[in-house]
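User: I should like to work through how the copies in this structure are related and how they meet. Please begin with the term that is needed for such a comparison.

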Number of protein chains: 4
Amino acid sequence: MIKYSSAYTDLAVEAHQMISEERGKELPGVSVETEEHSYDFVTRVKVTTEEGAKLIGKSIGNYITIDAPKLRNHDRIIDKEIGKTVARELTSMNHLHEDATILVVGLGNWNATPDALGPRVVDQVLVTRHLHNYAPELKGGTRPLCTIAPGVLGITGIETGEIIKGIVDKIKPNLVIAVDALAASSIERIGTTIQMADSGISPGSGVGNKRMGINEKSIGVPVIAIGVPTVVHAATIAFNTLNAIIESSSETHREEIKKDADKIYEKAIPKDDGSLFVTPKDIDVLIKDISRIIAGSINTAYQPDVDLKDMMTYLN
Amino acid sequence: MIKYSSAYTDLAVEAHQMISEERGKELPGVSVETEEHSYDFVTRVKVTTEEGAKLIGKSIGNYITIDAPKLRNHDRIIDKEIGKTVARELTSMNHLHEDATILVVGLGNWNATPDALGPRVVDQVLVTRHLHNYAPELKGGTRPLCTIAPGVLGITGIETGEIIKGIVDKIKPNLVIAVDALAASSIERIGTTIQMADSGISPGSGVGNKRMGINEKSIGVPVIAIGVPTVVHAATIAFNTLNAIIESSSETHREEIKKDADKIYEKAIPKDDGSLFVTPKDIDVLIKDISRIIAGSINTAYQPDVDLKDMMTYLN
Amino acid sequence: MIKYSSAYTDLAVEAHQMISEERGKELPGVSVETEEHSYDFVTRVKVTTEEGAKLIGKSIGNYITIDAPKLRNHDRIIDKEIGKTVARELTSMNHLHEDATILVVGLGNWNATPDALGPRVVDQVLVTRHLHNYAPELKGGTRPLCTIAPGVLGITGIETGEIIKGIVDKIKPNLVIAVDALAASSIERIGTTIQMADSGISPGSGVGNKRMGINEKSIGVPVIAIGVPTVVHAATIAFNTLNAIIESSSETHREEIKKDADKIYEKAIPKDDGSLFVTPKDIDVLIKDISRIIAGSINTAYQPDVDLKDMMTYLN
Amino acid sequence: MIKYSSAYTDLAVEAHQMISEERGKELPGVSVETEEHSYDFVTRVKVTTEEGAKLIGKSIGNYITIDAPKLRNHDRIIDKEIGKTVARELTSMNHLHEDATILVVGLGNWNATPDALGPRVVDQVLVTRHLHNYAPELKGGTRPLCTIAPGVLGITGIETGEIIKGIVDKIKPNLVIAVDALAASSIERIGTTIQMADSGISPGSGVGNKRMGINEKSIGVPVIAIGVPTVVHAATIAFNTLNAIIESSSETHREEIKKDADKIYEKAIPKDDGSLFVTPKDIDVLIKDISRIIAGSINTAYQPDVDLKDMMTYLN
């Protein structure tokens, strides 16, 4: 049984909000800044100390979140604007020299639509590393970029982290971009929030629950994780319902409900071990659209010497 | 907003149970029989009158449900035994002459794993109708069987029912088998229950919410619907949580909670219009295994003159 | 055994060239015009009499061929220009009223890459018919357009023509666009030639060898066929080799070789029944690029009230 | 331009036959043995010296070829028998201890059907290594087996060999099985021949033309390559035609044809750089059937403590 002391989230911005509301005060070792644009809203969460990391359950690092409810509109013009914000934020996270090699890793299970974001993104980024090695006359002004979709443990029998570490050791990229489908605690964030983090991927996060972390410490090169919530844990719905009832109840009743919480959860989601997810019916359209935006943003961010307009239209 | 007077289900057996428990008595126009086997449990719900149909919200007809929790074990030997039960029940539902033409329709969206059951089944049934027409020397002892996966409205822009009716009018099959992914009200039924119904598919049912019914009346030939729950509506989790709290509350609190129900749902699943589903993380494995069983059962049931052992191993 | 009196081609422009060279004079009932653009070369073959049709083995009708060797460059800018030519030619072929319903049919086998052009195109055209029927507030200035990828006989057991006729009878479109992968006689035309024909699809043509024609006569509404060669019959290579040797041989040797032709073919391609195809190794990239261009052209041609730039970028 | 001094083949058995016929005598450093069964014919080519290796253009090692024309029948009973032969030969090639870890590599491009054999095989082998590491109670009597489909250079930008070497260095398997689609010189061998070689994969072989070899020397662990021809080079058809004409020609004419060979090839297959392949129309069915047999054979060969019948039916 998983515990329901709080709704699970892979997003630093949600974790920070939940914990700071719970405690009713600012959290030491965590800072938050926001910035609004026409189509999106950027939040920068900095986790600067181990204390802050422990408090919100996210590693030390920078978490940039782009909230863009209009991603739901499936409007190409708006999608491009949001893609430009993503590209700009990505660019700001690292200072790469112009020949830096980049490895884009598409995490997740290509056979399960809600977990297929990463593999779909790597299908669409501009792959150029082989041109640098075998056909330099075609490389143009590109950086060498390569990709891998390592699959999931149940498909390969190999930890995703082992595959990536093995490849990184061989090809020695200067930066790894790891794209993954995430779980949020808020349903409205499904398909409308994009998180970028220089702390990489933590063990146990993402739809597929990685066992090994994928971060600078574990694989030896800087890692930027790009994630988009595609699911909410089913338990979060039960948690939200219970909380909504508690809020509207008298003090006595509250205590009764809290006391019975475990029994209530067991009736609402029998035997749930955290593997039940809420996802929208049109998840296929969502994955198709968001993967195009992320891939276009990666192209724009890491291939600056190629005409921006072309790169953004490359996948639009 | 969808209403939460009861948890939604496509299964007659669940609808019957919920309504009869609610009313605390037997339902007129609905009869239920059960039968236990080694690996499965068969329930036969007969809806015989319009009154009964209205009561449980399912059309007049026969609904055979096979409950097989061991489908979760992914054990080939057990899967085969359950497949044999499915085949036997299918055979009992119609008396087809030996040259009867069968059209197997795989409903649902092949791009969204939880809705892809139907298309995956038609990928695996033994297609023979073309042999009868163009290569009779190869037809063996088979019946002419053909298939179509018509896609969903969002993919084609055409109502699934229109496509099927058009094809049925041209090729005039004696029986249509319509395979679809369903929504149950109980999480434990995901991937462990198989329903067969001679009333066809009702409008608004299934993961993809068909707008047009697919049944003898609408398309002119008998229709057997085979469905397996692959999802539960997210609203059902909220409903279950609320109910569990109500059950453990005093009379006064109950009334308060019921009064606030709409507000509570809105907090638990904001703006839900019935398009949020709960589905397990390993939905890809579930769809792969169940589609093989359903396809094997269809082969066994409708190609009786081909050696049973071969047909069941055909897809095992 | 197929016969090798000439290399097989689905292209009217090749058939015309071969036959007129063979006969050394203009062909009655067939006229040809050409037009050159920056990136492509348009040839208009008109077959106006039954005599002409018999001579070149293509039905009476208009065949517009766009030759664009630069399609091989995979350059987005050039691809767009060629796409515009395709769109302009499509528009010129019919006069559709502004509410005309269009059905785009993607012929071919999605499981075999060289035959998957049609299904990939329908995956990418803008589907709007359901908006007109169910959500008119979202239809914008679009025409109602719907799609179907009917599969192939070996997959469904149903003739493609039967499926299309059935759907056409139900939804009564004003125009059918049928997209298909073709066989050319010239290897250089693979992936570089686009043919549009108002005579529809002939029986026996295309990679998948349709048994039933799909044309105005057989289905009751005008049909425009869009085809791109993705293969050359293997027999054509043997035919070309034999011809090249004959050309460079003395009169005596020529006669000997011609006499032995059947034996030579049997050694070169033993037991070939026309089901062996030559296709390039990078057929996946070719299908991906060309399907995007065809889909973009269909969007541009049939949705004239939607901003052209958006439609062309829709899939670019 | 590729050269046509002989038809290209990845099969040692064909290379041996061609060269020994050409030279009209036995080849030093190469031995050949054959063995006939009910449904297949096994040929064992041993290349024992560098001289032999150079003569037939294949590395030193053992090449076991199973010829089974009945694979074309798509008969499940026969397919199983042939699968058993493959399993037996695989078992005979290595002596693995009972806890040996095996990595099955599916080479080739999953987006191009004729090159998708390897990826399809790894989709179907029984993956167990993760059970050994994370759920030993479920591992049963299995050996730890894991898989990877590394993609092709054009998809990832990374040499296949680099990916495999990286993973092998991390997980240190005792044996690598590399499955690949091959090019034969004989059309009849497409889909009917299975080659197993303990020399691994040579650079430049396979449909996808690997640049780096995958063998014990390059990756540090024993490698068994399993390959099935799915294509013939288009140039081979021209070569065969030319040869058939030469054979039936007088001495003078022969010399003329040989002199003009380059011009003839250029007319038959203009600008061919070896990337044009001949493949059958039903390549999708072929890949589906053969991949099931290879996967079943790998299961049987490397999981000897699991009931044979179950393993062979696992994918049948």
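Analyst: Copies are superposed by least squares on the C-alpha atoms of residues with pLDDT of at least 70 in both. The model discussed here is predicted.

User: By what turn can chain A be laid on chain B, and which C-alpha of chain A is nearest the axis?

Analyst: Chain A is brought onto chain B with an RMSD of 0.0 Å, and the shift along the axis is 0.0 Å. The turn that does this is 180 degrees. In chain A, the C-alpha nearest that axis lies 2.1 Å from it and belongs to A:Val278.

User: What percentage of the contact residues of chain A recur in chain B?

Analyst: The contact takes 38 residues from chain A and 37 residues from chain B. The same surface serves both copies, and the share of the contact residues of chain A that recur in chain B is 95%.

User: Which three residues of chain A supply more of the area that it buries against chain B than any other three?

Analyst: The size of an interface is often given as the accessible area lost when the parts come together. Between chain A and chain B, the buried area is about 3,400 Å², and carbon and sulfur atoms give 62% of it. Of the area that chain A buries against chain B, 17% is supplied by A:Ile245, A:His253 and A:Lys281.

User: What relation does the rotation that superposes chain A on chain D represent?

Analyst: The rotation is 180 degrees, with 0.0 Å of shift along its axis, and the RMSD is 0.0 Å. That is the relation of a two-fold axis. In chain A, the C-alpha nearest this axis, 2.0 Å from it, is that of A:Gly166. Because 100% of the interface residues of chain A are also interface residues in chain D, the copies meet through the same surface. The relation asked for is therefore that of a two-fold axis.

User: Within chain D, is helix H4 parallel or oblique to helix H11?

Analyst: Helix H4 (residues 117-124) and helix H11 (residues 283-302) of chain D pack with their axes 8 Å apart, at an angle of about 50 degrees. H4(D) passes H11(D) in a right-handed crossing. The angle makes H4(D), relative to H11(D), oblique.

User: How many nonpolar residues does the contact of H4(D) with H11(D) have?

Analyst: From H4(D) the contact includes D:Leu117 and D:Val121, and from H11(D) it includes D:Ile287 and D:Ile290. By class, the contact of H4(D) with H11(D) has three polar and two charged residues, and its nonpolar residues number seven.

Methods:
Residues numbered from 1 in each chain as written. Chains lettered and ligands numbered in written order. Predicted model: local features only at pLDDT ≥ 70, side-chain atom pairs only at ≥ 80, totals over all residues. Heavy atoms only, no water. Contact = heavy atoms within 4.5 Å. Axes fitted to C-alpha atoms, helices over the stretch in contact; angles between N-to-C directions. Helix = DSSP H or I, 4+ residues; strand = E, 2+ residues; numbered from the N terminus. Parallel < 35°, antiparallel > 145°, perpendicular 65-115°, else oblique. Left-handed = near helix turned anticlockwise from the far one by under 90°. Nonpolar A, V, L, I, M, F, W, Y, C, P; charged D, E, K, R; others polar. Buried area = accessible area lost by both parts, 1.4 Å probe.
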